[in-house]
Structures are given as structure tokens and as C-alpha cells.
Amino acid sequence: MAEISATSFPSSSSASLALRSSLNGSLRCQNVACLRTTSLFQELSVKRSQLSGNAVATTTTHVPLTRGSKSQAIRAVLSGDGQTVVSADSKEAGLRGKLKKVVLAYSGGLDTSVIVPWLKENYGCEVVCFTADVGQGIKELEGLEQKAKASGASQLVVKDLTEEFVKDYIFPCLRAGAIYERKYLLGTSMARPVIAKAMVDVAAEVGADAVAHGCTGKGNDQVRFELTFFSLNPELKVVAPWREWEIQGREDAIEYAKKHNVPVPVTKKSIYSRDRNLWHLSHEGDILEDPANEPKKDMYMMSVDPEDAPDQPEYIEIGIESGLPVALNGKALSPATLLSELNTIGGKHGIGRIDMVENRLVGMKSRGVYETPGGTILFAAVQELESLTLDRESIQVKDSLALKYAEMVYAGRWFDPLKESMDAFMEKLTEKTTGSVTLKLYKGSVSVTGRKSPNSLYRQDISSFEGSEIYNQADAAGFIRLYGLPMRVRAMLEKGI
């Protein structure tokens with residue numbers, strides 16, 4: 001069971017701030033019709049008693065539908081009784097002034113650091129910061145208490161999800177053989193549902209009525225977080241600041257942080273967007289936004305350059321039970337410990353670097369560089385053992401479903417019944433995939449040198465070129481004639497035979 005630690009800080013909010021946030025939120029809109037003239041605004045009579053919902057404005061004139069700035073615009077819908085009902089263009093804007101406590105997915109990085117004061121400023125609510133330890137490293141967890149306090153959070157909650165992350169999220173994907181678009185081993189995709197699930201739990205523990213995240217409106221993570229929220233607690237409200245605020249990019253966020261005295265770990269000169277957990281480390285942004293640019297050598301953090309890796313190869317043995325890794329070099333290890341050890345070994349040999357342009361769920365392409373040393377080793381081992389324990393059609397069906405499985409995980413549909421049904425199928429199919437695989441690691445490459453299983457379908461007495469009592473080579477003639485009959489009949493038709 002995950003450990004929970006909480007640190008409380010003084011909370012400050014006022015009724016006037018909440019009222020001002022409610023007024024701003026009720027009249028806020030994005031990319032909608034706007035009222036440009038002062039005289040027109042003077043004709044509007046806003047019913048203050050309805051500030052807890054949508055503001056209702058009355059007017060006797062037609063409201064022109066013209067595009068204006070975000071700060072001016074409102075969406076006006078003319079009702080049958082001549083009243084103009086002003087409603088926010090986003091669900092989040094309509095929540096302003098209504099939320100009491102929000103649990104924020106907090107990393108201490110730029111985005112989430114500026115969200116804390118922004119939520120208090122715009123929603124007038126208490127902010128509880130939540131940090132999940134999914135193996136991102138002790139350095140990323142250091143100083144979070146001070147950062148959260150400096151940002152204005154009332155409480156910091158930290159949960160250690162490392163073993164749960166590997167056992168219940170990484171290993172099912174590994175068993176399924178899930179790889180997105182031929183390369184991506186789903187490091188971030190797998191981490192988001194375990195974090196979001198914990199946020200739902202924390203919201204219940206602290207009595208929060210909403211959750212918030214720092215995902216941009218252009219990325220996949222917003223979908224992954226919110227689909228999990230919907231699946232586990234559809235009553236929770238969701239706030240996504242990047243879809244509301246006027247901050248247009250990371251440099252704007254830096255300026256906002258400076259104005260609010262929020263410490264951030266980046267500068268304008270070198271900005272990488274990184275996501276790290278026990279499975280991988282991703283890099284985006286800066287020079288990587290041009291897919292023609294080669295990544296800088298000093299960008300990598302989990303692995304050495306293959307050119308600088310040891311000149312001598314290293315051999316390791318991975319023990320596997322029912323499709324899941326359980327041991328390294330004959331020593332049984334917990335899921336997280338096993339992965340951690342392989343990260344160290346693989347990183348030393350420059351294993352697991354991927355540079356790819358992928359198709360995001362929201363429709364655009366993005367370029368990312370991923371380091372997955374231990375995961376790359378495990379994928380090679382598990383798939384190789386399946387070559388002994390699964391027959392041809394089982395492998396073909398499994399591989400075809402793996403594509404859909406990877407797509408669903410990438411899209412944030414972790415708790416979808418279809419994905420859960422595929423998990424049951426994969427577990428049943430690989431129940432005999434037990435044994436061990438020996439691998440050779442050398443300058444960025446992983447090579448299989450041996451595999452063995454007590455459930456192996458490989459029979460040397462049958463496969464050998466020597467004589468066999470089970471397999472009679474003469475039987476192949478009849479098999480070929482029957483197997484090739486459709487092609488033979490078609491050729492006869494074409495030739496008029």
C-alpha cells in the first residue's frame with residue numbers, strides 16, 4: 001500500500017476574491033462573440049443573485065456577433081423571452097467561484113508551479129498539491145515542500161506509487177507487447193493513469209471537489225488524466241488552466257512565475273520539456289521542435305552515448321514467469337527493483353535511445369526523444385521467450401491486438417472495458433511463457449544469445465535435419481498440393497486448362 005505524507009501550510013482566501021473570480025469567470029469566454037461598445041455594456045443588467053451559475057443579462061437590442069479579444073468576449077445566446085443568457089465557452093470557466101478545494105497534479109516544474117497561484121487568483125479556492133513518486137528520481141522530489149509553500153499551496157501530499165506503477169501498469173503493457181507506432185514504449189502513457197487514479201483517491205481523502213492538471217491543450221496528457229477522472233469519479237470537477245489562461249507558451253509562464261515570486265528550474269535560453277519515471281525519460285521542445293536537428297549529446301540523462309559505452313559486451317539473463325519478468329541473473333527481484341537494476345545496466349551500454357516523430361491523439365505530429373534502457377531489455381527478453389512458447393496463430397493474433405492495446409493506452413483509455421478484456425486475453429495466452437532469456441548488451445544494441453523454457457514448443461528431434469520418427473518429409477508433398485490448391489486452380493483458369 002502506498003505511503004502518504006502530507007505537509008500543511010497556511011491558507012489564505014477571501015470572500016471578495018471569490019466574488020471577483022466568479023464575476024470574471026462568468027463573463028469570460030474564448031473565441032466567441034463580443035460586445036465592443038461601452039454604451040452596450042451599460043444596457044446590460046446582470047442579475048447578481050445568479051452569480052453562482054451563468055450570468056443572465058437583459059437587453060432590448062440585437063447583439064452583434066463579432067470576434068474580439070479574450071478579455072472582452074462573451075458568448076451570447078438569445079432566448080425566447082428576449083433575455084440574453086451569457087454562458088462561458090468552457091466548462092472550467094463556469095466553475096469559477098464554485099470550487100472549494102482542488103487537488104493539483106504537482107511536479108514542482110514550471111507549469112504546475114505557476115498553476116498554484118493562478119488557481120487561487122482566478123478560482124479563489126484552496127489548492128492541495130499532489131506529487132506521485134513513480135521513480136522519477138530523488139532529485140525531482142527534493143525541495144517540493146518548499147516550492148509548494150512558496151507557490152501558495154495549503155497542503156502537499158506525496159505518494160510512493162513505484163511498485164504499483166511497474167506491477168500494475170508497466171508489466172501488463174510489457175506482456176501485451178504494446179509499442180506505439182513501431183517505436184514508443186509508452187512511458188508517459190502508462191504513468192498518467194496511475195497518477196490520475198491516486199489523485200482521485202487523494203481528492204476523497206482531503207475532501208476536494210475538483211482536480212487540476214498542468215497539461216497543455218495541445219498534448220495527449222490532458223486526455224489521459226481526464227479519462228481516468230471520468231472513469232473513477234465522474235462527479236469530480238476538472239480544471240485545466242492551459243485551456244483557459246492567457247499564457248501562450250513556456251516563456252510567458254516564466255514571466256508569470258517571476259511576477260509571483262515562484263521559483264522555477266528553467267531559463268529562456270535552454271528549455272526542454274522532460275517527463276521522467278522508472279520506465280523512461282522523455283525530451284521535447286527547444287531544438288527538438290525541428291525534426292531535422294540532431295539531439296545534443298549532453299541532453300541525455302539515463303544513458304551514455306553508445307560510442308562511449310564499454311568496449312566489452314555484458315551478458316545478462318532475464319527470468320520470466322507467465323509472461324512477466326521476475327529475476328535478473330538468477331536472483332528474484334521485485335518489479336521496481338528489477339527495472340531499476342536494468343536501467344543502470346542498460347544505461348551504461350547506451351541501450352534504449354529512440355528519436356521519433358509521432359502522431360498525437362489530438363491530431364498533430366510531435367517529435368520526441370526517449371530513453372528507455374531497462375524497458376528495451378525487457379521487451380527483447382519477453383518477446384524472445386514467446387517464440388518458444390506460442391504457436392504461429394497465437395503470435396499473430398497477439399501482435400495484432402498489441403497494436404490496438406498500445407493505441408488505447410496511448411489515448412488514455414486504461415480503464416476502458418475493451419482494454420481490460422484484452423488484459424485478460426494476454427494473461428491467459430502467456431500463462432505458459434515461463435523460462436529465461438540470455439542477452440548480450442554492447443554499444444547500444446541488445447542481442448539474444450539464448451532462450452529456454454520448460455514449456456517450449458520447439459522440439460530438436462523434430463526440427464533437426466537428421467531423421468525423425470515424428471516428421472516424415474514425404475508427407476510434405478501432399479501438404480503442399482493441398483495448401484497450394486487455390487493458387488493452382490486460379491492459374492488453370494487463366495490459362496484455360
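An open sheet of four strands, ordered β13-β14-β19-β18 and paired in the antiparallel sense, is a convenient place to enter this structure, which is a predicted model. Its edge strands are β13, residues 273-276, and β18, each of which pairs on one side only. Averaged over the sheet and with direction ignored, neighbouring strands are turned by 25° against each other.

Starting from the β13 edge, one finds that β13 and strand β14, residues 281-284, are joined in the antiparallel sense over four bridges. Within this pair, R276 has L281 of β14 as its bridge partner. At the other edge, strand β18, which covers residues 353-359, pairs with strand β19, residues 365-371, and here the antiparallel pairing extends over seven bridges. A point of reference along that ladder is D355, whose bridge partner in β19 is V369. The hairpin formed by β18 and β19 has five residues between the strands, and in it G363 takes a positive phi near 115°.

The β18 and β19 region also leads to a cavity. The model contains two cavities of 30 Å³ or more, and the second largest of them holds about 40 Å³ of space. Its lining is made up of K183, Y184, L185, G352, I354, Y370, T372 and T376. Among these residues, I354 falls within the range of β18 and Y370 within that of β19. Sorted by class, the lining has four nonpolar residues, three polar residues and one charged residue.

A second sheet, also open, has five strands in the order β17-β16-β15-β20-β21, again with antiparallel pairing. In this sheet the edges are formed by β17, residues 331-332, and β21, residues 445-452, each pairing on one side only. Strand β15, residues 314-321, can be followed towards both of its neighbours in the stated order. On one side, β15 pairs with strand β20, residues 435-442, in the antiparallel sense over seven bridges, and E317 stands opposite T438 of β20. On the other side, four bridges join β15 to strand β16, residues 324-328, and these two strands likewise run antiparallel. In that pairing I320 stands opposite P325 of β16. The hairpin of β15 and β16 has two residues between the strands, and S322 takes a positive phi near 50° there.

When reading along any of these strands, it helps to recall that in a regular strand the side chains alternate between the two faces of the sheet.

There remains the matter of the cysteines. How many disulfides does a search of the whole structure find? The search finds zero disulfides. A disulfide is a covalent bond between the sulfur atoms of two cysteines. As for individual cysteines, C173 counts as buried because its relative accessibility is 2%, and C215 also counts as buried because its relative accessibility is 10%; in both cases the value is under the 20% cut-off that is applied to buried residues.

Terms used
Residues numbered from 1 in each chain as written. Predicted model: local features only at pLDDT ≥ 70, side-chain atom pairs only at ≥ 80, totals over all residues. Heavy atoms only, no water. 1 Å grid on protein atoms, 1.4 Å probe; cavity = no way out; pocket = protein on both sides within 12 Å on 5 of 7 lines; lining within 4 Å. Points joined across faces, edges and corners; volume = space filled by probe spheres on them. Nonpolar A, V, L, I, M, F, W, Y, C, P; charged D, E, K, R; others polar. Pairing = 2+ DSSP bridges. Disulfide = S-S within 2.5 Å. Buried < 20%, exposed > 50% of the residue type's maximum accessible area, 1.4 Å probe, protein only. Axes fitted to C-alpha atoms, helices over the stretch in contact; angles between N-to-C directions.
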